[in-house]
Amino acid sequence: VEPYSTIADIKSLVHKSSAKALRDGDVLQNLPVGTSATMYFRDLGPQLGWTMVFLAEYMGPLFTYLMFYLRLPYIYPHPHAFTSSPLTVVTLACACHTCHYVKRLVETIFVHRFSHGTMPLRTILRNCVYYWGFSAWLAYYINHPLYSPPSYGDLQVNYAFALFVLCEVGNFSIHLTLNSLRGEGTKCRKIPSPTKNPFTWLFFFVSCPNYTYEVGAWLGFSIMTQCLPVAVYTVLGFIQMSIWARGKHRAYTREFKAYPGLRMAIIPLVL
Amino acid sequence: MSSPATGTSKSIQDDAAAAKKRKGPGALATAYLVIYNVVMTAGWLVIAVGLVRAYLARGSYHGLYYSIEKPLKFFQTGALLEILHCAAGIVPSSVVLTGFQVMSRVFLTWAVTHSVREVQSEDSVLLFVSAWTITEIIRYSYYTFSLLNHLPYLIKWARYTLFIVLYPMGVSGELLTIYAALPYVQKTGLYSVTLPNKYNFSFDYYTFLILAMVSYIPLFPQLYFHMLRQRKKVLGHAEDTTKLE
């Protein structure tokens, strides 16, 4: 190849290549190498683009939950097939769960802009098993004929639902804000900051308010349904998101000199 | 004149970091680990001796579990410390893998054999207990000698050869024991929770045990063939007796 070719050009010559050490925008001439360079490629195996990954992961929970809500045959004992629960909280829970995943799908298609190209097939399979499996498990109990409504009745349901909605709006606001950060150019780096939108004011306290809101939404859903599997799912999600948030927080503090000191990773003043 | 692209400088750093990690635990940690492994070797020897003595006294294989019940529980449960060793970094194994192995042993000891009284007199219990006993005596003495940098070839050979028989033996004993426990678990509803309840949750221990048995199908071959590959690597190059573990 010519000295002025970019790495992206070379990559197009080789179908599978590693993007780890060198970036697509690097020009061959500018790399610190001599007149001939040895480049190491690594075959990462079968990959899937980020958009497809998220579509696969989110479609599952969306449809499996509905299968349980509609009480399709062979899930519950025979006389209950195609019946519906008289409880409002069950329908409300279905609406919440469905809207949550529809929102995620909409964000995947229209909002998010992904950095790395792909994810390995094995990881996608594992993630799909996790998402699909858990949503089936919690949908099974919430839509079960023997489901028991929350101990504190409508009061509990309404407050928890309010928490859920606020956190969903918050999460969406943060995604929009982060999206606008990436606006000009591909590698422009700016500190995420609060905007006029009150939901983004959480940025004063945490680096990753999108994760904070996500945990809050699932917490609301847990309290609303008073279902232990949902609580388990919330805890596991919290653990994973805390790990991600702390990693991001560390990256931010390392990258930006004047990074706000008050900010924690995911829980204001605590974590 | 060729020089490696920037992509490989990262791998050089990784090698340095890995070499530093491979240097192993400090002096205090090594001393602790030697004591730990010696104690565990001794413990499992006690179990082995207990089994032999009980057999000689009774004249039959039946019901030997009762003679070694307490040391078995104590030393097998003590193995939980190994998870902490991995987490603390003084042992170069994966926390997840070690955790999984230890938890499955602890599960069988407490959640199956201890909890379902009726299986304690089964011969399958003796099968897995003896497999575990021989395996653990060899494994802990292997670690002890490795830490002291004086590993007799016999111990290394034993560790990487006897598993060929002991592993299937142990697995058979475990599966037969779980299978024997099934009817009692179903009858008494042991560790099970049914609907309706306040937290909208249910757990059927009977189904869980069946799933546990099924999980052996993918897991056992993977672990077995991994050990076979390790065997080829370790025993295949007899000259390379340096720290491969």
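## A buried asparagine in chain A

At 16% relative accessibility, Asn179(A) counts as buried, because the cut-off for that word is a relative accessible area under 20%. The model in which this residue sits is a predicted one, and within it Asn179(A) belongs to helix H5 of chain A, which covers residues 153–181.

The surroundings of Asn179(A) can be described through its contacts: once the neighbours within four places in sequence are left aside, Asn179(A) is in contact with Val111(A), His112(A) and Arg113(A). With Val111(A) there is also a polar approach, in which the side chain of Asn179(A) reaches the backbone oxygen of Val111(A) at 3.4 Å.

## The two chains in outline

Chain A contains seven helices and three strands, and when these are read along the sequence they follow the pattern α-β-β-α-α-β-α-α-α-α. Of its 271 residues, 39% count as buried, and chain A exposes about 15,400 Å², with carbon and sulfur atoms supplying 67% of that surface. Among the contacts in chain A between residues at least 6 apart in sequence, 74% join residues at least 24 apart.

Chain B has nine helices and one strand, and its pattern along the sequence, β-α-α-α-α-α-α-α-α-α, begins with the strand. Buried residues make up 38% of the 245 residues in chain B, while its accessible surface comes to about 14,300 Å², of which 68% belongs to carbon and sulfur atoms. For contacts in chain B between residues at least 6 apart in sequence, the share that joins residues at least 24 apart is 72%.

## Annotated transmembrane regions

For chain A, an unreviewed UniProt entry lists residues 48–70, 129–147, 159–178, 199–224 and 230–247 under "transmembrane region". In the model, the span of residues 48–70 of chain A is 87% helix and 9% strand, and its end C-alpha atoms lie 32 Å apart. Residues 129–147 of chain A are 74% helix and 0% strand, with the end C-alpha atoms 25 Å apart.

For chain B, the UniProt annotation "transmembrane region", again from an unreviewed entry, covers residues 31–56, 77–104, 162–185 and 205–225. Residues 31–56 of chain B are 100% helix and 0% strand, and the end C-alpha atoms are 37 Å apart, whereas the span of residues 162–185 of chain B is 96% helix and 0% strand, with its end C-alpha atoms 34 Å apart.

## Nonpolar cores

The largest nonpolar core holds 39 residues, and those that touch the most other members are Tyr65(A), Ile142(A), Phe221(A) and Met224(A). The elements of chain A that give two or more residues to this core are helix H2 (50–69), helix H3 (88–111), helix H4 (121–142), H5, helix H6 (209–225) and helix H7 (228–255). A second, separate core of 37 residues includes Val116(B), Leu126(B), Trp132(B) and Ala181(B).

Which residues touch Tyr65(A), if those up to four places away in sequence are not counted? They are Ala93(A), Cys94(A), His97(A), Leu138(A), Ala139(A), Ile142(A), Asn143(A) and Phe221(A). One of these, His97(A), has its place in helix H3 of chain A and counts as buried at 2% relative accessibility. With the same sequence neighbours left out, His97(A) touches Pro61(A), Tyr65(A), Ser135(A), Leu138(A), Trp218(A) and Phe221(A).

## Salt bridges

Side chains of opposite charge can pair when their charged atoms come close. A search of the whole structure finds seven salt bridges over all chains. One of them joins Lys103(A) and Glu107(A), whose closest N and O atoms are 3.3 Å apart; because these residues are four apart in helix H3 of chain A, about one helical turn separates them, and both are buried. In chain B, Lys73(B) forms a salt bridge with Glu69(B), the closest N and O atoms being 2.8 Å apart. Both of these residues lie in helix H3 (residues 65–78) of chain B, four residues apart, and both are buried.

Another salt bridge links Arg139(B) with Glu82(B), with the closest N and O atoms 3.2 Å apart. Arg139(B) lies in helix H6 (residues 123–147) of chain B and Glu82(B) in helix H4 (residues 81–88) of chain B, so the pair ties together parts that are 57 residues apart in sequence. Arg139(B) is buried at 16% relative accessibility, and Glu82(B) is buried with a relative accessible area of 11%. These two residues also belong to a network of salt bridges that links Glu82(B), Arg105(B), Glu136(B) and Arg139(B).

Key
Residues numbered from 1 in each chain as written. Chains lettered and ligands numbered in written order. Predicted model: local features only at pLDDT ≥ 70, side-chain atom pairs only at ≥ 80, totals over all residues. Heavy atoms only, no water. Buried < 20%, exposed > 50% of the residue type's maximum accessible area, 1.4 Å probe, protein only. Contact = heavy atoms within 4.5 Å. Areas by Shrake-Rupley, 256 points an atom, 1.4 Å probe, with all protein chains shown as cover. Polar contact = N/O pair within 3.5 Å; in protein donor to acceptor, adjacent residues only side chain to side chain. UniProt positions renumbered as here; feature names shortened; annotations may be inferred. Core = buried A, V, L, I, M, F, W, Y, C linked by side-chain atoms within 4.5 Å. Salt bridge = Lys/Arg side-chain N within 4 Å of Asp/Glu carboxyl O.
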